[in-house]
Amino acid sequence: MRRVILAGTGSGNPKKKVTNDDLTAFLDTSDEWIKTRTGISTRYLATDETVVDLCVRAAEDVLSSTGMTAEELELIIVASVTQDKIVPNTASEVQAALGAKNAICFDLNAACSGFLFAMSTACTYVSGGVVKNALVIGGEILSKIMDWSDRSTCVLFGDGAGAAILTAGEEQDTPGGDKDKRGIVGFRLGSDGAKGQVLLLENRPVINPYTGPVKEPVHYPYVHMEGQAVFKFAVSTVPRSISELLKETGTDINEVACFVLHQANLRIIHSVAKRLKVPDDRFMVNMDKYGNTSAASIPLALDEALKSGKAKKGDLIVIAGFGGGLTWGSMLIRL
Ligand code: COA
């Protein structure tokens with residue numbers, strides 16, 4: 001087993017910034033409602049960018065911050081629910097754009113938990129010696145799956161991409177292991193498919209010569225969300241996942257310098273902080289700028305935490321999230 005080091009992070013955002021006030025031009029909403037209910041002030045929305053463009057921006061950012069070359073990458077995983085194409089997968093298109101010719105590439109869908117699931121997958125490949133360097137990206141253009149007349153969902157989301165590189169460290173007997181040494185200490189993931197209906201995005205229906213005539217016009221599907229059910233799921237599941245992870249790794253919660261949670265709603269973060277009995281200021285917050293960017297949200301927050309000095313080299317941090325599926329998870333990392 002190899003130790004797995006977080007070598008660096010990167011961000012890639014669309015150019016267009018949209019304020020809450022901008023949305024009032026076509027939606028019955030207000031800056032006050034959005035800010036007080038969610039903590040969101042602005043979001044970036046793609047206009048002429050693709051998901052691949054945003055992922056490549058984030059990948060170039062992390063490559064330049066780590067000083068690595070694209071050819072050193074042996075694995076690229078993109079977590080997304082809004083890929084530009086079904087085939088080829090986003091990771092392969094990112095590979096081509098970067099010239100990362102030695103990488104194996106695939107996409108992964110675990111909705112807003114996608115980055116965590118992709119990180120844990122990459123961690124397993126690296127710790128098992130399958131690859132040495134892995135690029136993990138969460139990238140989304142959620143604005144294309146929003147019903148822009150539904151004020152209860154469209155104001156919450158934004159577009160963007162965040163990336164991280166995991167690299168192999170020293171040999172050790174167990175995965176994770178010594179939490180005083182740099183690297184991923186452990187992770188916990190969970191899923192509950194029986195409750196998946198509360199956050200839904202249908203795919204295209206089955207229509208072929210044997211399915212009979214199409215009765216209704218086929219519409220592009222949009223996100224459907226039962227906001228309060230998702231809220232309740234998040235505030236109960238995330239603290240439990242973090243507590244179990246800390247217990248499993250023999251970590252006192254006060255050893256954790258920074259919590260980087262999925263940036264869905266400031267009230268969710270405050271509620272998680274309260275349940276864990278941790279002061280709010282140990283939680284990274286940047287949903288005010290980006291909104292909820294689904295799989296991109298944790299890496300965008302992690303990148304900002306690292307670049308702003310909120311989380312520093314040597315710190316023990318937790319990244320954690322929740323999303324459609326339902327899915328959730330948490331990961332403990334020594335930076
Ligand atoms: N602007 C103004 N009013 C709005 C609005 C908007 N953008 N969206 C909804 N409202 C209205 C509703 O119509 C409702 O009006 P009514 O009382 O006249 O019926 C009122 O505000 C309250 O709506 P409600 O849905 O009860 O609000 P809420 O306090 O539950 O907040 C969410 C809604 C979506 C912000 C909240 O439930 C939430 O954040 N849930 C979690 C969502 C999430 O994290 N999703 C991502 C999963 S990865």
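Hi everyone, let me start with one residue: Val62 counts as buried, because its relative accessibility is 0%, against a cut-off of under 20%. This is a predicted model, so please hear everything that follows in that light. Val62 sits in helix α3, which covers residues 51-66. What does Val62 touch, once residues up to four places away in sequence are set aside? The list is Gly8, Thr9, Gly10, Leu135, Ala163, Ala164 and Ile165. As for Phe115, that residue is 53 places from Val62 in sequence, and the two C-alpha atoms are 15 Å apart.

Now let's step back to the domains. The assignment for this chain gives domain 1 as 2-171, and domain 2 as 183-195 plus 223-334. Taken over C-alpha atoms, their centres are separated by 16 Å.

How many residues of each domain are in contact with the other? On the domain 1 side there are 51, and on the domain 2 side 43. Together the two domains bury about 3500 Å² between them, with 64% of that area coming from carbon and sulfur atoms. On the polar side, the count is 20 residue pairs in polar contact, both partners being at pLDDT 80 or more. Several elements of domain 1 each supply at least two residues to the side touching domain 2, including β1 (2-12), α5 (114-127) and β7 (159-171). The salt bridge count between the domains is 1. If you'd like a salt bridge to look at on screen, find Lys307 and Asp61, whose side chains meet at 2.9 Å, N to O.

On to the nonpolar cores. The largest has 46 residues, and Ile242, Phe259, Leu261, Phe283 and Phe322 have the most contacts inside it. Elements giving two or more residues to this core are α7 (227-248), β11 (256-261), α8 (266-276), β12 (316-323) and β13 (327-334). Of these, α7 gives the largest share, with 8 residues. Why do I place this core between the domains? Because domain 1 and domain 2 both give residues to it. Let me zoom in on Leu261: beyond its neighbours within four places in sequence, it is in contact with Val238, Ile242, Ile269, Val272, Phe283, Ile298 and Ala320. Apart from this core lies another one, of 36 residues, with Ala118, Ala311, Ile317 and Ile319 among them.

Helix α8 deserves a moment of its own. Its buried residues are Ile268, Ile269, Ser271, Val272, Ala273 and Leu276, and the cover over them includes α7, β11, α9 (287-290) and β12. At the N-terminal end, Asn265 acts as a cap, with a side-chain oxygen 2.7 Å from the backbone nitrogen of Arg267. Following the helix comes Lys277, which has a positive phi near 60°.

I'll finish in strand β13, with Thr327. Is Thr327 buried or exposed? Thr327 counts as buried, because its relative accessibility of 7% falls under the 20% cut-off. And where does its side chain go for polar partners? It reaches the backbone oxygen of Gly324 at 2.9 Å, and one of its polar atoms lies 3.2 Å from the backbone oxygen of Ala110. With neighbours up to four places away in sequence left out, Thr327 has contacts with Ala110, Ser113, Phe117, Gly190, Ser191, Phe233 and Phe322. Thanks for listening!

Technical notes
Residues are numbered from 1 along each chain as its sequence is written. This is a predicted model: local features need pLDDT of at least 70, side-chain atom pairs count only at pLDDT 80 or more; totals for chains, interfaces and linings use all residues. Side-chain values use heavy atoms; hydrogens and water are left out. A nonpolar core is a set of buried Ala, Val, Leu, Ile, Met, Phe, Trp, Tyr and Cys residues joined through side-chain atoms within 4.5 Å. Buried means under 20% relative accessible area, exposed over 50%, partly exposed in between (1.4 Å probe, protein chains only). Helices (H or I, at least four residues) and strands (E, at least two) are DSSP runs, numbered from the N terminus. Domain bounds come from an automatic or database domain assignment. Contact means heavy atoms within 4.5 Å. Buried area is the accessible area (1.4 Å probe) that two parts lose on being put together, summed over both. A salt bridge is a side-chain nitrogen of Lys or Arg within 4 Å of a carboxyl oxygen of Asp or Glu. A polar contact is a pair of N or O atoms within 3.5 Å; within protein, one must be able to donate a hydrogen and the other to accept it, and residues adjacent in sequence count only if both atoms are side-chain atoms.
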